[in-house]
Amino acid sequence: MNGFPADPARPADPDDRLAEALHAEQARLTGLYAHLDAARERARRTLAAAGREAGPGGTHQARLERELRAAEAARRAARLDAVERGLCFGRLDHRDGTVRYIGRTGLRDELDESYEPVLVDWRAPAARPFYTATPADPGELVRRRHLHTRGRTLTGLDDEALDLAGLDERGRRGLVGEAALLAALDRERTGRMATVVATIQAEQDRVIRAPLPGALVVQGGPGTGKTVTALHRAAYLLYTHRAVLERRGVLILGPNPAFLRYIDQVLPALGETEVVLRTVGELFPGVRATAEDTPAAAVVKGGPWMADAVRRAVETHQSLPAGDLLLGEGLRLPRRVCAEARRAARGLHLPHNRARTFFLRTLLDALAVAQALSLGRPYDEEEARYAPRELWAQPGIRAALDALWPVLTPRRLIDRLLGDPALLALAAPGLSPAERAAVLRPAGAPWTTGDVPLLDEAAELLGEDGTAARARSRAAERTLEEERAYAEGVLTVTGQQNDATLDAGLLAERFRDTGPDRTTAERAAEDREWAYGHVVVDEAQELSAMAWRAVLRRVPTRSLTIVGDLAQSASPAGARSSWAEVLDRELPGRWREERLTVNYRTPAAIMAPAAAVLRAHAPGQEPPEAVRETAERPRVLSVPDGGYAAALAALPTGPGTLGVIAPDADAAALGALTVRAAKGLEFDAVVLVDPAALLAQGAPDLYVALTRATKRLTLLHHTPLPPVLAAALTAQSAQPADG
Ligand SMILES: Nc1ncnc2c1ncn2[C@@H]1O[C@H](COP(=O)(O)OP(=O)(O)OP(=O)(O)O)[C@@H](O)[C@H]1O
């Protein structure tokens, strides 16, 4: 890289040196923004020119190329607009004197039009040492510099010398860019997740840049950056494999809508928009899960046995008559023929609604032959063409055959399965009466998150029911008709109606392909059968076996990033001690695991009691090590029974965000979050109501709740604190105050 002189000779006084460096870097930063402005201007000009060229002139091919150019220019303009904040955040000085600036996007010299690179995109290979070099392993670097900015102004910088022989490893655990990292961690939270592109750590970088193919599991304790790492990985993959992923899109699954809102801002900030954010409850287009399952119902609905239950429920709708069917006018359909037709239809291994066509056709043919025989008519080609159709037109015959193999929709089938005790017993004979009772509910009850994978399973086994497809194609035809009429109008207005190369149909198709087109993300979100290029699953320990089936169906290539923490699992099916227990059934031998070990969120003083809870209740699980040493110790306030609301109202409100987390039974009345709703989130200050009750909900719940605070934790209790927590807090208060 060139374009930047080395630092001028340094004055001796450190203050002067810093001022000098700031001055020089500000000048370079200003230069980079000038390049950015020029790049934006160029993108806008391209866009405007494409707009002017638009219109129906030239060959079809030339028009297509113009439109592609315009779309690319629009995307580039949007990308350049998204990087205004924090455009450049780092600088690398190499042994051979090369200097590289690292930023949110790559820029070339737009001013003298040499187009030499002046800013390296953080996702490019050349930027990687910024995240991985340490004094112990500096590679080709002699210095890494972090630039802090507000708007276009440089507000500070941190240098790390990487080449000094014998230099002590700065900070603990080889933290990369320690000063910049700690400054980032100390910032107050806004309630929206921030990008950490300037301070990604080496172990996180390994995850972010892992190859696209295959399933990568990232196991890490609370606050180890699993979510930020997964989001930066999505941005990295979209940059590195743009061609595939722009077309197929990336799906990010999160535990609850609040969490999705929390992370929503990060991806556009990284310049990526081809991403669909969903919870499992939103995976089935057209269905919104609005009700909650009881824990017992969630266990039953989530278990792998439900795949068999749904399959059997479908099969019970492929029935045989008790004896031969008598269909009026002496027409008889022997049971044996029905059985043969069912065997043949099932043998096709087609979805139920598609195999139905074959089944009906076979029976109608058999009936038509029988009818011809009884009337003494030959069964010739003519007869074969019309007779079955006429038979189908008779309501009695139609009803009898329909009953044998009806059209099914996923909603109707699952509603029936969960609403009809006899059907459930038939479809799920392995479930105990208590388990069946747990999932039974009135027909037409609102859908729950646990129902969504069942609907998906059903949709897979049923295939399209013809009505939806027909309605869609009718709508599509109508739209095309309207577009054709509009296009004819355009041709008339522009006087090109006699242009042989341009007919209204072609023009209409063109508007359809381009126009104000829907993005990949929009199309993917509406299509149950969409195959994503990559899927990120966050809080993956929460997914049931049935949910995994629904997720994996959406990524036939099995290119996944799966992040989670088994120790935080609130799965009512019970904690699992390894990812193999979770994944070997669905992805046998097709996944690998990376670990994140450093907790960037919870200060040590808060993490210590949380770790004690974890060790006591899940001895196999290792808590992550907190990177920040100093923080206020947790405060413990005893309140009288029934006094939580008053105690909460009396608590002083400090600076920053506040989260109050309460047991499920009290949360609504106190206006507090349940643990479930707080999952994945963090707050500057957290107040925990009734830790003993949280522990009674499950040790993972208490562990999750304890690890949400970045600065201050207050425990309110009226029953005694759980002994393990009390012991950890007492041990802490025996230590010197800064430990
Ligand atoms: N490299 C980093 N630089 C700055 N901040 C970081 C870094 N890594 C993580 N953080 C911060 O640490 C906090 C925790 O990150 P994140 O929420 O991704 O953790 P998590 O592993 O998903 O936690 P949990 O399991 O509790 O949901 C966030 O505020 C995040 O911005």
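Start by selecting Asp-641, which sits in the loop between strand E17 (635-638) and helix H26 (644-650). Keep in mind as you click around that this is a predicted model. Show the surface here and you'll find Asp-641 exposed, at 64% relative accessible area, because the cut-off for that label is over 50%. Now add Ala-387 to the selection and draw a line between the two C-alpha atoms: the separation is 80 Å in space, for a gap of 254 residues in sequence.

**The four-stranded sheet**

Stay with E17 and bring up its sheet. Four strands make an open sheet in the order E17-E20-E19-E18, and the pairing is parallel. E17 and strand E18 (658-661) are the edge strands with a single partner each, so each has one side without a neighbour in the sheet. Going from one strand to the next, the twist averages 20 degrees.

Zoom in on the E18 edge. E18 pairs with strand E19 (residues 683-689) through four bridges, in the parallel sense. To get your bearings there, pick Gly-659 and look across to Val-686 in E19, which stands opposite.

**The six-stranded sheet**

Next, select the other sheet. This one is open too, with six strands in the order E9-E8-E12-E13-E7-E14 and parallel pairing. Which strands stand at the edges? They are strand E9 (275-278) and strand E14 (591-596), each with a single partner strand, so one side of each has no neighbour in the sheet. The twist here averages 15 degrees from one strand to the next.

Walk across from the E9 edge:

- E9 to E8: four bridges, parallel. Click Val-250 and you'll find its bridge partner in E9, Val-275.
- E8 (residues 250-253) to E12: four bridges again, and again the strands run parallel. Leu-253 has Val-537 as its bridge partner in E12.
- E12 to E13 (residues 560-564): three bridges, parallel. Look for Val-536, with Thr-561 of E13 opposite.

Pause on E12 (residues 534-537) and turn on its side chains. Are its two faces covered or open? Both are covered: His-534 and Val-536 are buried on one side, and Val-535 and Val-537 are buried on the other.

Now follow the chain out of E12. Together with helix H23 (residues 545-553) and E13, E12 makes a right-handed β-α-β unit. On the way from H23 into E13, stop in the loop at Arg-558. Its phi is near 60 degrees, a positive value in a residue that isn't glycine. For context, most residues other than glycine have a negative phi.

**A second positive phi, and two helix pairs**

Jump to His-349, in the loop between helix H12 (335-347) and H13. His-349 isn't a glycine either, yet its phi is positive, at about 55 degrees. Put the surface back on and His-349 shows up as exposed, since its relative accessibility is 71% and exposed means over 50%.

From there, run on into helix H13 (residues 352-375) and add helix H15 (residues 395-404). Their axes come within 11 Å and cross at roughly 135 degrees. That angle makes H13 oblique to H15. The crossing is right-handed.

For another helix pair, select H16 (residues 410-419) and H19 (residues 451-462). Here the axes come within 9 Å, crossing at roughly 125 degrees. H16 and H19 are therefore oblique to each other, and their crossing is right-handed.

**Last stops**

Take the view over to helix H30 (residues 699-706). H30 is mostly covered, with seven of its eight residues buried. Color the buried ones: Ala-699, Asp-701, Leu-702, Tyr-703, Val-704, Ala-705 and Leu-706.

Finish with cysteines. Select Cys-88, which is buried because its relative accessible area is 1% and the cut-off is under 20%. Then try Cys-338, buried as well, at 0% relative accessibility. How many disulfides does a search of the whole structure find? It finds zero.

Technical notes
Residues numbered from 1 in each chain as written. Predicted model: local features only at pLDDT ≥ 70, side-chain atom pairs only at ≥ 80, totals over all residues. Heavy atoms only, no water. Disulfide = S-S within 2.5 Å. Buried < 20%, exposed > 50% of the residue type's maximum accessible area, 1.4 Å probe, protein only. Pairing = 2+ DSSP bridges. Right-handed = clockwise from strand over helix to strand, strands pointing away. Axes fitted to C-alpha atoms, helices over the stretch in contact; angles between N-to-C directions. Parallel < 35°, antiparallel > 145°, perpendicular 65-115°, else oblique. Left-handed = near helix turned anticlockwise from the far one by under 90°.
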